[in-house]
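Me: I have a structure open and want to go through how its parts fit together. Can you take some questions?

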Amino acid sequence: MLDDPRAIAHLDSRGMLALVGRFGPMVADGWAAARDAPAPAGRISAIVICGMGGSGIGGDLLRAALAPASPIPVLVNKSDRLPAFVGSSTLVVACSYSGNTEETLAAYDAAGRAGAAVAAITSGGALATRARERGDAVVTVPTGLPPRSALPLLLMPMLRIAAKMRLIELADADVERTAATLGRLADEWGPARPLRENHAKGLAQTLHGARPVIYAASPLTEPVALRWKTQLNENSKVLAWCGAFPELGHNDVVGWDGAGDAASYHVVILRDEGDGAADARRVAVTRDGILGRARGCEEVWSAGTGPLARMLSLVLLGDFVSCYLAGLRGVDPTPVEAIDRLKARLAGA
Ligand code: PA5
């Protein structure tokens with residue numbers, strides 16, 4: 001089925017796979033969108049990214065990208081309220097693709113009341129309107145996409161603002177190289193490449209019928225494991241689990257030990273060339289001792305030069321896998337009716 005373009009086009013009627021294939025160009029577009037975004041004027045001692053779902057995951061990726069070098073903490077806030085420390089030396093970035101997400105709007109309003117420096121990243125909606133009325137910095141990205149497919153458009157402006165604040169070294173050339181790597185990988189994993197030589201299609205076939213568990217071997221890939229989980233939820237319409245070493249060695253392993261249905265789970269471990277010797281040892285020992293009870297377990301490796309490209313290469317792989325798994329399950333990856341229903345009911349209540 002995965003090598004039949006007509007069957008794929010029929011199921012993926014709204015073109016999610018084509019959007020995944022545009023990940024590389026969207027990285028460049030997202031970077032360009034924030035060319036004129038100002039860095040906050042005063043002294044900033046912490047960054048809080050507010051966003052939910054497909055708009056919040058960019059904050060998780062930003063936090064992981066900044067962690068090795070940033071002198072100030074980055075916190076991702078996925079709720080409608082802010083931590084009490086937020087004040088005039090905090091930069092709050094409200095990120096909502098639609099601009100209409102209740103929790104993000106509430107957190108954005110709270111940031112204004114707290115006197116924080118505020119920036120908004122959105123395609124429009126109430127967030128764009130409020131930000132313009134208040135004179136906050138706004139980065140506007142193209143409208144009309146499923147929020148999760150716009151991840152590069154939402155993440156790259158945050159990275160550009162962070163680069164302007166000298167929290168990360170990232171120049172135009174790095175971004176161009178990253179976009180090119182992702183473009184090459186999109187060809188390797190795209191629908192035109194047959195199953196026998198397509199890693200993403202192969203992984204989708206492996207996961208088909210299993211309960212997917214995605215583990216990150218080290219902190220850089222921790223948010224990527226979450227992205228795989230959420231893309232498997234929203235695109236493939238399956239339940240999925242994620243976690244990260246070394247923490248999973250302090251809890252999940254007991255579950256694996258005791259679970260009567262361990263053989264229904266398939267584990268994917270996200271690996272990166274930056275994983276240290278201790279990370280590799282934890283993975284090896286846990287695989288041998290515990291994960292042998294799963295239906296299967298494999299390690300997938302990042303690709304590209306530099307932490308950003310490597311991190312995003314694994315995001316892209318998971319995005320493709322989730323679409324192919326949707327195909328194998330006979331579901332359209334784009335609609336998220338359960339989310340729409342929930343939002344409508346909450347708005348009406
Ligand atoms: O993928 C999705 O559609 C959701 O996870 C949304 O991103 C989430 O509901 C938040 O909406 P928005 O991204 O418009 O703020």
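What follows is a short chat about the sheets, the helices and a few residues.

Me: Before we start, what kind of model is this?
Reply: It is a predicted model.

Me: OK, sheets. What is the strand order in the open sheet of five strands?
Reply: The order is 2-1-3-4-5, and the pairing is parallel.

Me: Which strands stand at the edges there?
Reply: Strand 2 and strand 5 (137-140). Each has a single partner strand, so one side of each is left without a neighbour in the sheet.

Me: And what does the twist average from one strand to the next?
Reply: In this five-stranded sheet the twist averages 20° from one strand to the next.

Me: Take strand 1. How many of its residues are buried?
Reply: Five of the five residues of strand 1 (residues 46-50) are buried, so strand 1 is largely enclosed by the rest of the structure.

Me: Which residues sit on which side?
Reply: Ala46, Val48 and Cys50 are on one side, with Ile47 and Ile49 on the other. Both faces are covered. As background, side chains in a regular strand alternate between the two faces of the sheet.

Me: How many bridges join strand 1 to strand 3?
Reply: Five, and strand 1 runs parallel to strand 3 (residues 90-96). Isoleucine 47 stands opposite leucine 91 in strand 3.

Me: What about strand 1 and strand 2, how many bridges?
Reply: Four, again in the parallel sense, with strand 2 covering residues 74-77. Cysteine 50 has asparagine 77 of strand 2 as its bridge partner.

Me: And strand 3 to strand 4?
Reply: Six bridges join them, and strand 4 (residues 117-122) runs parallel to strand 3. Alanine 94 is bridged to alanine 120 in strand 4.

Me: Which strands does helix 6 touch?
Reply: Helix 6 (residues 125-134) packs on the sheet and touches strand 3, strand 4 and strand 5. Its direction makes about 145° with that of strand 4.

Me: And helix 5, which strands does it lie across?
Reply: Helix 5 (residues 102-113) lies across strand 1, strand 2, strand 3 and strand 4, at about 155° to strand 3.

Me: Switching to helix pairs. At what angle do helix 4 and helix 7 pack?
Reply: Helix 4 (residues 53-66) and helix 7 (residues 151-164) pack at about 40°, with their axes 9 Å apart. That makes helix 4 oblique to helix 7. The crossing is right-handed.

Me: Which residues make that contact?
Reply: On helix 4 they include Gly54, Ile57, Leu61 and Leu62, and on helix 7 they include Leu151, Leu155 and Met158. By class, the contact of helix 4 with helix 7 has 11 nonpolar, four polar and no charged residues.

Me: Now the open sheet of four strands. What order?
Reply: 7-6-8-9, with parallel pairing. Strand 7 (241-244) and strand 9 (296-301) are at the edges with a single partner strand each, so one side of each has no neighbour in the sheet.

Me: How do strand 6 and strand 8 pair?
Reply: Strand 6 (residues 211-216) and strand 8 (residues 265-271) pair in the parallel sense over six bridges. Proline 212 stands opposite histidine 266 in strand 8. Helix 9 (residues 199-207) packs on this sheet, touching strand 6, strand 8 and strand 9.

Me: Last one, where is threonine 230?
Reply: Threonine 230 is in helix 10 (residues 222-234). It is partly exposed, with a relative accessible area of 22%. Threonine 230 and aspartate 319 are 89 residues apart in sequence and 9.6 Å apart in space, C-alpha to C-alpha.

Note on methods: Residues numbered from 1 in each chain as written. Predicted model: local features only at pLDDT ≥ 70, side-chain atom pairs only at ≥ 80, totals over all residues. Heavy atoms only, no water. Axes fitted to C-alpha atoms, helices over the stretch in contact; angles between N-to-C directions. Helix = DSSP H or I, 4+ residues; strand = E, 2+ residues; numbered from the N terminus. Parallel < 35°, antiparallel > 145°, perpendicular 65-115°, else oblique. Left-handed = near helix turned anticlockwise from the far one by under 90°. Contact = heavy atoms within 4.5 Å. Nonpolar A, V, L, I, M, F, W, Y, C, P; charged D, E, K, R; others polar. Pairing = 2+ DSSP bridges. Buried < 20%, exposed > 50% of the residue type's maximum accessible area, 1.4 Å probe, protein only.
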